[in-house]
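Reader: I have not looked at this structure before, and I would like to learn how to read it feature by feature. Could you take me through it slowly, giving the general idea before each case?

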Amino acid sequence: MVNGSSPNEKQYEKLIRLLEKQLANTNEQNKELTKQIESLTQQVQHLTKLLYGSKTEKSKYNTLDGQGSLFEDDPSFSDSEHTEEQSQQTISYTVVRRVQKKRNDSLHHGVETEEVHHYPKNTVCDCCQHSMNEIGSVIVREEAKFIPAKMMKVQHIEHAFECKNCKSHSSQSANIKRGKAPQPAIQRSIASPSVLAKVIYDKFAQYLPLYRQVKEWNRYGLDTNDKNLSNWVIRASHDWLLPIYDRMKMMMMSKSVLHVDETYGQIINRSDGKSGQTNAYNWVYRSVPSQGPTMTLFQSSLSRARSVLESFIKGYSGTIVCDGYSAYGKLEGVTFANCWAHVRRYWLKADSKNGRIGVSYCDELYRLERKFKQLSPSKRRKKRQKFSKPIVEKFLEWVEVSPFYGKNALAKAAEYTLNRAKGLKAFLDDGRIEIDNNPAENAIRPNVVGRKNWLFSVSEAGAKANAICLSIAETAKSNGVDFYEYLKKLLADLPNLGIQQNPEILDQYMPWSKIIQAECRK
């Protein structure tokens, strides 16, 4: 009996081991599924929040459990309750009378004034029939009057003169002088500098697509179409705005700190053979105010590859402030400073107790930055070393020792932070470097707003013209220059200055030059 049962026991043991192994595998699978369910649940919560929640990045963790107050706008609900002794105190009030404002402050100083006088129908006294004398007048209202733009035909006529005295002597050659009209911005085109400036201004400052401008031009008295307008923008940009753009780029590459970002767009007719639905990209490069006049340059490209960045900043040496995109890295002569705003967003998405801790570290750094904002770069560096550096080190140490694993939002935030620890510390050692890449993100917004209106570029030439015009527009704006007046001056002056032979003339036409500041200041 004993010998007979021995093989059965061995089979039972094998079966038990097999079942235990299967159970262990099932447990592992359950753990993985639990992690996936947790990750998917967080994704659903995040997407639901994007659809229906607040779009602001302001932290909701300053209040208990992230809950806001229903009465936060009314201080009477948040003030502490008065005790009997406090309630009996005498309170005195000082009444400050407001100085009455002038009428219609919205009208700029120097706007032409038209007076419309209203007199009685007759000035004969109804009682005694004698003539009445004026005893005063009062302004009963002021209103803004709009005078629509009008189209004019300008004919440039060259007059020729000859010397009759010289002509009468057969031994002398005829002496003739002839007036010379200025060169147009576009040869054999009806578009004057003012028309070209208006087309470009409306598209890149008012974000009005060319096909919608056509109706307005027809109303003014100019019959045209969107193809004509597009050709005008491309020609004017290539011939006269590109030299300004290239001059700015040369100056920008001499700076030691740049902000860089990119956003997508669409180009219908691509040279790489890809579909027009494939994303093209607009890169933006922005200098910092501590290194002279602020410049913003856009670059149109078919891809988001690192080679695009390398070709634009070829020969550049310095620091680039950027987000965590992989193209930013491993460039010779370039160090990268990463953006704390992106780090904060990752921790904000991790809607949990640890997520709140991560956000609080970032908020503490930003509170310090607001205090240091007006300081010089050297003083700001000293303050950061003293106050900001300990917070950064404590934050990174906390992330490193915390057990954040898996694919959930918390683990992603930790991984993003640790992978960019070196770049996140860069702002501590240089007061010229901003804590985040918000200057570049703010600079790229006009491109995003415009993209929603004009949707796409038909050709790569059009996309390049868009990038040039946006660059001039944003640089002019950051230097306090009226974009329309600036364009009008560039397109009127540059065709007559020989800038190809004397490119140094362009320095007088930079948005920060004395000439432009005097003539085109807002």
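**Reading strands, burial and contacts**

Author: Let us begin with a pair of strands, keeping in mind that this is a predicted model: β3 and β4 pair in the antiparallel sense, and 9 bridges join them. On the other pairing of interest here, β4 and strand β5 (residues 296-301) also run antiparallel, with 6 bridges between them.

Reader: Which residue of β4 is the bridge partner of Glu-262?

Author: The partner of Glu-262 in β4 is Trp-283, and Trp-283 in turn has Gln-299 as its bridge partner in β5. As a general idea, the side chains of a regular strand alternate between the two faces of the sheet.

Reader: How many residues of strand β4 are buried?

Author: The general idea is that a residue counts as buried when its relative accessible area is under 20%. In strand β4, which covers residues 279-287, 8 of the 9 residues are buried, so the strand is largely enclosed by the rest of the structure.

Reader: How should I place such a strand within the whole chain?

Author: The chain holds 16 helices and 8 strands, and of its 522 residues 35% count as buried. Its accessible surface comes to about 35,300 Å², with 52% of that belonging to carbon and sulfur atoms. Where contacts join residues at least 6 apart in sequence, 65% of them link residues at least 24 apart.

Reader: Is His-259, in strand β3, buried or exposed?

Author: His-259 lies in strand β3 (residues 257-269), and it counts as buried because its relative accessible area is 1%, where the cut-off is under 20%. Its side chain is joined to that of Asn-437 by a polar contact of 3.0 Å. Beyond its neighbours within four places in sequence, His-259 is in contact with several residues, including Tyr-285, Val-321, Glu-434 and Pro-439.

Reader: What does a buried residue in a helix look like, and which residues does Ile-200 touch?

Author: Ile-200 sits in helix α4 (residues 193-204) and is buried, with a relative accessible area of 1%. Setting aside residues up to four places away in sequence, Ile-200 touches Ala-205, Val-233, Ala-236, Leu-241, Cys-469, Phe-483 and Leu-487. Separation along the chain can be set beside separation in space: Ile-200 and Leu-470 are 270 residues apart along the chain, while their C-alpha atoms are separated by 9.5 Å.

Reader: Where is Tyr-509, and which side chain makes a polar contact with it?

Author: Tyr-509 is in the loop between α15 (483-493) and α16 (514-520), and this loop residue is buried, with a relative accessible area of 7%. The side chain of Tyr-509 makes a polar contact of 2.9 Å with the side chain of Asp-493, and the C-alpha atoms of these two residues, 16 residues apart in sequence, are 9.4 Å apart in space. Apart from neighbours within four places in sequence, the contacts of Tyr-509 include Ile-244, Tyr-486, Leu-497 and Ile-516.

Reader: To finish on the surface, which residues make the nonpolar patch?

Author: Leu-15, Leu-18 and Leu-19 make a nonpolar surface patch of about 270 Å². Leu-19 is found in helix α1 (residues 2-52), and it counts as partly exposed because its relative accessible area is 47%, which falls between the cut-offs of 20% and 50%.

Methods. Residues are numbered from 1 along each chain as its sequence is written. This is a predicted model: local features need pLDDT of at least 70, side-chain atom pairs count only at pLDDT 80 or more; totals for chains, interfaces and linings use all residues. Side-chain values use heavy atoms; hydrogens and water are left out. Helices (H or I, at least four residues) and strands (E, at least two) are DSSP runs, numbered from the N terminus. Buried means under 20% relative accessible area, exposed over 50%, partly exposed in between (1.4 Å probe, protein chains only). Contact means heavy atoms within 4.5 Å. Accessible areas come from the Shrake-Rupley method with a 1.4 Å probe; for residues, only the protein chains shown count as cover. Patches are made of residues with over 30% relative accessible area and no salt bridge: like charges are joined within 9 Å, nonpolar side chains (Val, Leu, Ile, Met, Phe, Trp, Tyr) within 5 Å. A salt bridge is a side-chain nitrogen of Lys or Arg within 4 Å of a carboxyl oxygen of Asp or Glu. A polar contact is a pair of N or O atoms within 3.5 Å; within protein, one must be able to donate a hydrogen and the other to accept it, and residues adjacent in sequence count only if both atoms are side-chain atoms. Two strands pair if DSSP finds at least two bridges between them.
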